[in-house]
Amino acid sequence: MGRAGIEKNLAVSEGVLGAGMPYLAFGSGRPLVFLRWFTPDHANPTGWLRSAEIKTMAPLAAHYRVYAVNRAPGMAEGTTMADIATAHAEGLAAEFDGPVDVLGISSGGSLALQLAADHPAAVRRLVVASSGHRLEEAARISQMKYATAAAQGKRALHHLATQGIESPVKARLVGAATWILDPFLRPKNPADTLAFVRAEDAFDLSGRLGDITAPTLVVGGDRDEYYRVSTFEQTAEGIPGARLIVYPDTNHLGAIKHPRFAPDVTEFLDAP
């Protein structure tokens, strides 16, 4: 089935949550709010990025009406993760009648944890995938290098793409490829990118995980390039009653594409 057929089958629509947070909605069933991974632009994806997102979420869209939500454009300098979480809580309260299931992936997981800690009434159940209570040092450095270079109009993509690659040869090859692709994938508003990266750079919920009252599932891969397994473990251990699933031989993006991911998430969200 082609892109148009998949979008028609899943009844894809676009909207804006609260104060300017763009979203794609697709599938049917109980709402599942998916807080997006790190994206250069605070906008709905287009082209192959849009197709990839819908394809990745399609197994969950078979059970839920997925709302893929991004941060609002025009993010002010000095915005904190708590500020972003408050805006999302207000948007969710205006859009839905009560608490909703929330899935945060990668950078969206940082936001999901902040949302659940600061605004427990907004979250029914929480899934945090390929993310944790704070960024690892290497991830913080690579994201900041990327955002700073992009804000200066320089090539930046290689800073993210080579993160965690142990082989020097592979790192050079990936770096060269992303150097060529960079002009086609640059942020349209680098100030938004930098403002969010600074917010996530300062994000650290290690002392507040106990404030999260929503039933929580933490999912990760044991070969994640951005987070250590110990970070997944500490995140789950800090949240009362949280469950942890770590997929073997699985990297950062591989966790959400793992054949068990959608069944595991569905089983957790639908549990009594």
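Let's settle one term before anything else: a residue is buried when its relative accessible area is under 20%, exposed when it is over 50%, and partly exposed in between, using a 1.4 Å probe and protein chains only. What you have here is a predicted model, in which local features need pLDDT of at least 70 and side-chain atom pairs count only at pLDDT 80 or more, while totals for chains, interfaces and linings use all residues. Residues are numbered from 1 along each chain as its sequence is written, and side-chain values use heavy atoms, with hydrogens and water left out.

Start with the overall picture. The protein folds into 11 helices and 8 strands, where helices (H or I, at least four residues) and strands (E, at least two) are DSSP runs numbered from the N terminus. Its radius of gyration is 18 Å, close to the 19 Å that the globule rule gives for 272 residues, so the protein is as compact as a globular protein of that length. For the record, that radius is taken over C-alpha atoms, and the rule is 2.2 Å times the number of residues to the power 0.38. Along the principal axes, the C-alpha trace spans about 50 × 40 × 40 Å.

Of the 272 residues, 51% count as buried. The accessible surface comes to about 12,200 Å², with 56% of that belonging to carbon and sulfur atoms; areas come from the Shrake-Rupley method with a 1.4 Å probe, and for residues only the protein chains shown count as cover. If you take contacts (heavy atoms within 4.5 Å) between residues at least 6 apart in sequence, 76% of them join residues at least 24 apart.

Now go inside. In soluble globular proteins, nonpolar side chains tend to be buried together. A nonpolar core here is a set of buried Ala, Val, Leu, Ile, Met, Phe, Trp, Tyr and Cys residues joined through side-chain atoms within 4.5 Å. The largest one has 55 residues, and those with the most contacts inside it are Val33, Val102, Leu113, Leu115, Leu126 and Ile212. Helix H4 (residues 107–118) gives the most to this core, with 6 residues. There is also a second, separate core of 29 residues, which includes Phe34, Tyr64, Leu103 and Leu217. Back in the largest core, zoom in on Ile212: leaving out residues up to four places away in sequence, it touches Leu113, Ala116, Ala117, Leu126, Leu205, Ile239 and Pro240.

H4 deserves a look of its own. From first C-alpha to last, its 12 residues reach 17 Å, close to the 16 Å expected at 1.5 Å a residue (the expected span is 1.5 Å times one less than the number of residues). Of those 12 residues, 11 are buried, so H4 is largely enclosed by the rest of the structure. Just ahead of H4, in the loop that follows strand E5 (100–105), sits Ser106. Ser106 has a positive phi of about 55 degrees although it is not a glycine, and at 12% relative accessibility it counts as buried.

Ala11 also has a positive phi of about 55 degrees without being a glycine. Look for Ala11 in the loop between helix H1 (3–9) and strand E1 (13–17); at 41% relative accessibility, it counts as partly exposed.

Helix H3 (residues 81–95) shows another pattern. Its buried residues are Met81, Ile84, Ala85, His88, Ala89, Gly91 and Leu92. Seen down the axis of H3, they fall within an arc of 165 degrees, so they line one face of the helix; the arc is that of the directions from the helix axis to the C-beta atoms. On the other side of H3, Glu90, Ala93 and Ala94 are exposed. An α-helix has 3.6 residues a turn, so residues three or four places apart point the same way.

Two loop residues round off the tour. Tyr226 lies between strand E7 (216–221) and helix H9 (229–238), and is buried, with a relative accessible area of 18%. Beyond residues up to four places away in sequence, Tyr226 touches Glu136, Ala139, Ser142, Leu160, Gln163 and His252. Ala156, in the loop between helix H5 (137–151) and helix H6 (157–161), counts as buried at 1% relative accessibility. With the same sequence neighbours left out, Ala156 touches Tyr146, Ala149, Ala150 and Asp182.
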